[in-house]
Amino acid sequence: MRATAIAQPNIALIKYWGKRDLERNLPAVGSISITLRDLYTEMCVELDEGLSADRLTVNGAVDDALLPRLSACLDLVVGRSRPCARIVSRCNFPIGAGLASSASAFAATTLAAAHAAGKSLSIEALAGLAGQSSGSAARSLYGGFAELENRGDAIAVRALCGRDEWPLSVVVAITETGPKAIGSTEAMEISRKTSPFYSNWVERQKDDLGTAREAILKRDFEQLATIAEHNCLKMHSVMWASRPPTVYWNSATLRCLESVRELQGAGLGVFFTIDAGPQVKAVCLPEYADDVRAALSATEGVDDVMVTGLGDAARLTDVA
Ligand code: 2P0
């Protein structure tokens with residue numbers, strides 16, 4: 001009745017932004033991501049008939065913030081008539097700050113809950129369940145490069161390229177560790193309802209996915225860099241034009257972009273991407289990771305820098 005799983009967050013290079021079915025949490029667009037190796041969330045789920053309510057601790061302290069969504073995730077995976085659960089979470093990076101903590105948290109919870117309940121589910125079924133809890137979580141069930149396809153009534157993810165087949169590095173520049181001002185679920189809905197650019201964003205996503213998929217299969221860094229930066233800036237433009245606007249960036253975010261532009265000008269293979277938060281992720285060829293780390297560390301307003309390679313799929317670490 002107890003299982004523990006670890007999942008790594010993933011960073012989208014072609015972004016998921018917007019839902020076509022809010023109730024089933026189906027995305028309006030497909031997305032392509034890379035899973036990160038050195039950031040992790042571990043989730044231990046223990047189903048206990050003796051408990052009268054679900055309980056959650058995060059890094060050793062009681063924390064109810066994520067509990068309603070985690071309880072809903074357990075209902076989906078185990079069933080509504082399940083016993084209550086003791087959930088113990090450990091995470092080695094800031095939560096709710098645009099570093100895809102919900103992706104790793106819900107991927108690990110889905111996997112741990114299924115095994116705690118004695119259910120043997122395929123990775124496709126697990127991804128479908130994780131994606132209903134948090135769209136990006138479906139991608140963290142996979143390692144390396146993964147594509148979430150926007151088709152049919154279910155969430156479908158496929159592996160595009162293993163982490164060792166194209167071992168890129170990612171330098172994460174932390175510009176703020178506090179929680180973001182508005183959650184991405186709510187911000188996506190504001191974009192869908194009010195942004196004049198939203199329909200164009202949805203229509204053109206297929207082209208961006210095709211270009212990125214081709215770049216990954218060819219291992220063409222320049223092509224991937226160009227389309228990933230374009231797709232990221234388009235997603236933020238959709239948000240900026242919403243009413244009220246959603247602006248996740250701070251001044252250090254923009255300074256990091258300037259630093260990346262300078263590195264590119266000096267001939268380094270690196271590109272940026274930014275998610276629902278002010279952090280900048282610089283994806284680079286491994287031989288440039290030290291230079292990229294040094295440049296972003298020296299950028300005004302950057303609090304911390306993490307360097308990581310690409311990670312594995314979510315995995316079970318203990319069942320009892
Ligand atoms: C992504 N983001 O593709 C995009 C880019 C943020 C910006 O997926 O509402 O937490 O739980 O399905 O997965 C963040 O959204 O949203 C996200 P829900 P989720 O990584």
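Here are some exercises on a predicted model, each with a worked solution.

**Exercise 1. Work out which strands stand at the edges of the six-stranded open sheet, and what that leaves them without.**

Step 1: Write down the strand order. The 6 strands of this open sheet run 8-7-9-6-1-16, with mixed pairing.

Step 2: Look at the two ends of that order. Strand 8 (61-62) and strand 16 (315-319) are the edge strands, and each has a single partner strand, so one side of each has no neighbour in the sheet.

Step 3: Zoom in on one edge. Strand 8 runs antiparallel to strand 7 (residues 55-58), and 2 bridges join them. For Val58, the bridge partner in strand 8 is Ala61.

**Exercise 2. Find which strands helix 1 and helix 2 touch when they pack on this sheet.**

Step 1: Start with helix 1 (residues 67-78). Its contacts in the sheet are strand 6 (41-48), strand 7 and strand 9 (84-91). The direction of helix 1 makes about 120 degrees with that of strand 9.

Step 2: Move on to helix 2 (residues 101-116). This helix touches strand 1 (2-7), strand 6 and strand 16. Its direction makes about 35 degrees with that of strand 6.

Step 3: Put the lists side by side. Strand 6 turns up in the list for helix 1, and strand 6 is also touched by helix 2.

**Exercise 3. Describe the four-stranded open sheet and the helices that lie across its strands.**

Step 1: Get the order. The 4 strands go 13-14-12-15, and the pairing is antiparallel.

Step 2: Pick out the edges. Strand 13 (270-273) and strand 15 (304-308) each pair on one side only.

Step 3: Check the twist. Ignoring direction, neighbouring strands here are turned by 20 degrees against each other on average.

Step 4: Follow one pairing. Strand 12 (residues 169-174) pairs with strand 15 over 5 bridges, in the antiparallel sense. Val171 has Val307 as its bridge partner in strand 15.

Step 5: Add the helices. Helix 7 (residues 221-240) lies across strand 13 and strand 14 (280-284), at about 20 degrees to strand 13. Helix 9 (residues 289-297) lies across strand 12, strand 13, strand 14 and strand 15, at about 10 degrees to strand 12.

**Exercise 4. List the buried residues of helix 3 and say what they pack against.**

Step 1: Go along helix 3 (residues 123-133). The buried ones are Leu126, Ala127, Gly128, Leu129, Ala130, Gly131 and Ser133.

Step 2: Look for their neighbours. These buried residues pack against helix 1, helix 2, helix 4 (137-140) and strand 11 (156-161).

**Exercise 5. Classify two of the aromatic pairs as stacked or tilted, and decide whether their residues are buried or exposed.**

Step 1: A search of the whole structure turns up 3 aromatic pairs. Take Phe145 and Trp166: their ring centres are 5.7 Å apart and their planes are at 15 degrees, so this pair is stacked.

Step 2: Place both residues. Phe145 is in strand 10 (residues 145-149) and Trp166 is in the loop between strand 11 and strand 12, so the pair ties together parts 21 residues apart in sequence.

Step 3: Use the cut-off for buried, which is under 20% relative accessible area. Phe145 is buried at 0%, and Trp166 is buried at 8%.

Step 4: Now take Phe221 and Phe271. Their ring centres are 5.5 Å apart with planes at 50 degrees, so this pair is tilted. Phe221 belongs to helix 7 and Phe271 to strand 13, so the pair ties together parts 50 residues apart in sequence.

Step 5: Finish with burial. Phe221 is buried, with a relative accessible area of 8%, and Phe271 is buried at 0%.

Terms used
Residues are numbered from 1 along each chain as its sequence is written. This is a predicted model: local features need pLDDT of at least 70, side-chain atom pairs count only at pLDDT 80 or more; totals for chains, interfaces and linings use all residues. Side-chain values use heavy atoms; hydrogens and water are left out. Two strands pair if DSSP finds at least two bridges between them. Contact means heavy atoms within 4.5 Å. Axes are lines fitted to C-alpha atoms, for helices over the stretch in contact, and angles run from 0 to 180 degrees between N-to-C directions. Buried means under 20% relative accessible area, exposed over 50%, partly exposed in between (1.4 Å probe, protein chains only). Rings of Phe, Tyr and Trp (its six-membered ring) pair if their centres lie within 6.5 Å; planes under 30 degrees apart count as stacked, over 60 as edge-to-face and the rest as tilted.
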